[in-house]
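Please open the model in your viewer and keep the sequence panel beside it, so that each selection can be followed in both places.

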Amino acid sequence: MKNKGLLILASASLILSSACKKETTIRETSGSDVAVEDSSSVKALPAGPAPNTIMTEEYVKHIGSLAFLWGWPMVNIHNRKVMFEKLPEPSYKGGIVPLSPPNQLCMLTDYIKPGEREVACPNQDVVYGFGITDFTKDAIVVQVPDFGDRFWVYQVCNQRTDGYAGLGKMYGTKPGFYLLTGPKWNGKVPDGITGVFKCDTDLGIVIPRVFQTDDPADKKSIQPLIQQIIMYPLSQFDGKMKTKDWAKIPVLPSPEKEGNEETKWVKPEVYFDELPAILKEVPPLPGEEAIYGQIQSVLAAAQKDPKIKAILKQAAIDADQKLITPLFQFSNVGYPLKDNWTTQGNGAQFGLDYLTRTACAKANIFVNKPNETKYFYQDKDASGQRLHGNSKYAVTFAKGEVPPVKGFWSLTLYNQYHFFSPNSANRFSLGTKNKNLKYNADGSLTLYVQNTPPSADKMSNWLPSPKETFSLYVRCYWPEDRVIKGNWTPPAVLQVK
């Protein structure tokens with residue numbers, strides 16, 4: 001009943017929001033006459049309950065649950081900014097995690113290593129970078145070196161985790177300097193800027209991804225390119241390509257107790273203390289005015305009434321456990337496909353799809369747009385049993401049916417916490433980057449997913465699993481149309497003896 005009430009409330013809010021827009025309504029009268037009615041008078045209607053309206057405990061709980069689902073990804077980004085703005089310069093946490101103050105970024109020099117806990121579901125196909133944008137300070141310049149034939153893409157998203165810039169191989173982006181601006185910026189674009197992208201929120205994220213193979217020679221040749229991937233305030237722009245040797249930046253110690261799970265960026269106990277700042281940082285999308293009104297009215301009531309504040313706090317704690325935590329499981333993300341795979345088709349283009357946005361943020365935040373990357377998630381084998389290290393599995397791509405991409409593809413394994421599980425082979429994914437994969441006599445490709453090593457002739461195709469439960473994840477970077485349209489899906493994960 002609680003979920004039903006939440007859905008009814010959300011629907012009512014959207015209907016009210018639409019009604020509150022100034023518009024001209026045409027209605028039929030007798031005969032052929034048509035009267036034009038100016039409905040601008042409804043502008044005066046409140047977006048939420050009028051001040052001092054009595055709020056029942058159940059009402060506050062429902063609004064609290066909706067607000068928790070709606071705002072979870074934005075609070076996540078906000079709290080990363082609060083944490084990273086304490087950094088004096090780009091640095092590596094524990095030598096493996098790229099961190100930087102807002103309006104700068106930090107690049108790795110190789111694949112990300114096990115032990116990273118800042119972002120769930122990293123991949124080992126690209127060299128990553130990470131930076132937070134804060135447009136309250138300045139517009140920002142992002143450098144794009146000449147990558148040649150190498151695949152690359154910069155994820156550039158707002159505080160909602162929706163993408164707003166097209167920078168990558170699939171866009172035919174030229175080398176140069178690209179300007180990112182905030183919603184209030186109206187400055188002059190200087191000479192030498194190649195392109196401009198405007199963000200509709202003050203905070204955002206930039207994540208460069210540059211493809212790299214397992215070949216040591218390729219890992220060496222990528223270094224000069226990585227050194228040119230830099231982000232800085234517009235005030236520092238001089239038209240010259242800057243460089244930075246990322247191998248020489250400071251290394252920060254890791255916390256003594258890092259834990260197995262992703263860093264808890266959203267804490268329900270203080271969620272409603274932080275939410276007012278997010279409502280100011282993130283302007284409503286068309287159709288969201290009523291939702292903002294509902295949430296703001298409850299927050300205002302909580303400021304006056306300790307009982308309402310306590311109910312909201314408990315609503316956040318309950319929603320975190322009952323509403324958000326289940327979204328961590330891939331079987332609850334997006335929509336189902338055959339053989340128990342799931343996917344989503346609006347990554348980084350979520351709009352008003354709060355459920356999918358928050359599910360992705362919980363399970364694997366910072367997904368790319370579908371034309372940049374298509375993702376397929378798997379928690380179960382073909383029979384519906386949870387993937388577990390006690391069993392052995394085979395994933396066979398028929399001849400000509402390896403993931404159809406213009407960029408690259410990979411099959412990655414994650415442990416129960418959606419991170420890499422250390423193993424004797426130091427291997428966490430298989431795909432385009434691996435040049436020694438062995439195909440079967442009929443042209444098919446079988447990958448072996450199991451805890452113990454297979455026979456010697458299958459070792460190149462072995463994806464080691466932990467002893468516990470785990471998940472599989474197919475990435476298709478720069479996917480072909482049949483992947484985007486759903487005409488290609490991954491093969492079944494079969495349990496074998």
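The stops below go from model confidence to the cores, a helix pair, one strand residue and the cysteines.

Begin by colouring the chain by pLDDT, since this is a predicted model. The mean pLDDT of the chain is 92, and 91% of its residues reach 70 or more. Now select residues 1-33, where pLDDT stays under 50, although the model has 50 contacts beyond four places in sequence for this stretch. Where pLDDT is low, the predicted coordinates should not be read in detail.

Next, select Trp70, Tyr154, Leu180, Trp246, Leu275 and Ile295, which are the residues with the most contacts inside the largest nonpolar core, a set of 111 residues. Helix 2, spanning residues 57-84, gives this core its largest share, namely twelve residues. A second core, separate from that one, has 23 residues, and Leu411, Leu472, Val474 and Trp488 are among them.

Return to leucine 275 and show its surroundings: beyond its neighbours within four places in sequence, leucine 275 is in contact with Ala67, Trp70, Val75, Ile295 and Leu299.

Now display helix 2 together with helix 5, which covers residues 271-281; the two pack with their axes 9 Å apart and at an angle of about 75°, and they are therefore roughly perpendicular to each other. To see the contact itself, show the side chains on both helices: helix 2 contributes residues including Gly64, Ala67, Trp70, Gly71 and Val75, while helix 5 contributes residues including Tyr271, Phe272, Leu275, Ile278 and Leu279.

Move on to strand 8, residues 152-158, and select valine 153 within it. Is valine 153 buried or exposed? Its relative accessibility is 0%, so valine 153 counts as buried. Setting aside residues up to four places away in sequence, valine 153 touches Leu167, Gly168, Met170, Ile207, Pro208, Arg209, Asn368, Glu372 and Tyr477. If you draw a distance from the C-alpha atom of valine 153 to that of glycine 166, 13 residues apart along the chain, the viewer should give 8.5 Å.

Finally, turn to the cysteines. How many disulfides does the structure hold? There are zero disulfides, and cysteine 157 accordingly is in none, with the nearest cysteine sulfur, that of cysteine 199, 8.2 Å away. Why does cysteine 199 not form a bond with cysteine 157? Their sulfurs are 8.2 Å apart, which is too far for a bond, given that a disulfide needs the two sulfur atoms within 2.5 Å. Cysteine 157 is buried at a relative accessible area of 0%, and cysteine 199 also counts as buried, at 1% relative accessibility.

How values were computed:
Residues are numbered from 1 along each chain as its sequence is written. This is a predicted model: local features need pLDDT of at least 70, side-chain atom pairs count only at pLDDT 80 or more; totals for chains, interfaces and linings use all residues. Side-chain values use heavy atoms; hydrogens and water are left out. Buried means under 20% relative accessible area, exposed over 50%, partly exposed in between (1.4 Å probe, protein chains only). pLDDT is the predictor's confidence in each residue, from 0 to 100. Contact means heavy atoms within 4.5 Å. A nonpolar core is a set of buried Ala, Val, Leu, Ile, Met, Phe, Trp, Tyr and Cys residues joined through side-chain atoms within 4.5 Å. Helices (H or I, at least four residues) and strands (E, at least two) are DSSP runs, numbered from the N terminus. Axes are lines fitted to C-alpha atoms, for helices over the stretch in contact, and angles run from 0 to 180 degrees between N-to-C directions. Angles under 35 degrees count as roughly parallel, over 145 as roughly antiparallel, 65 to 115 as roughly perpendicular and the rest as oblique.
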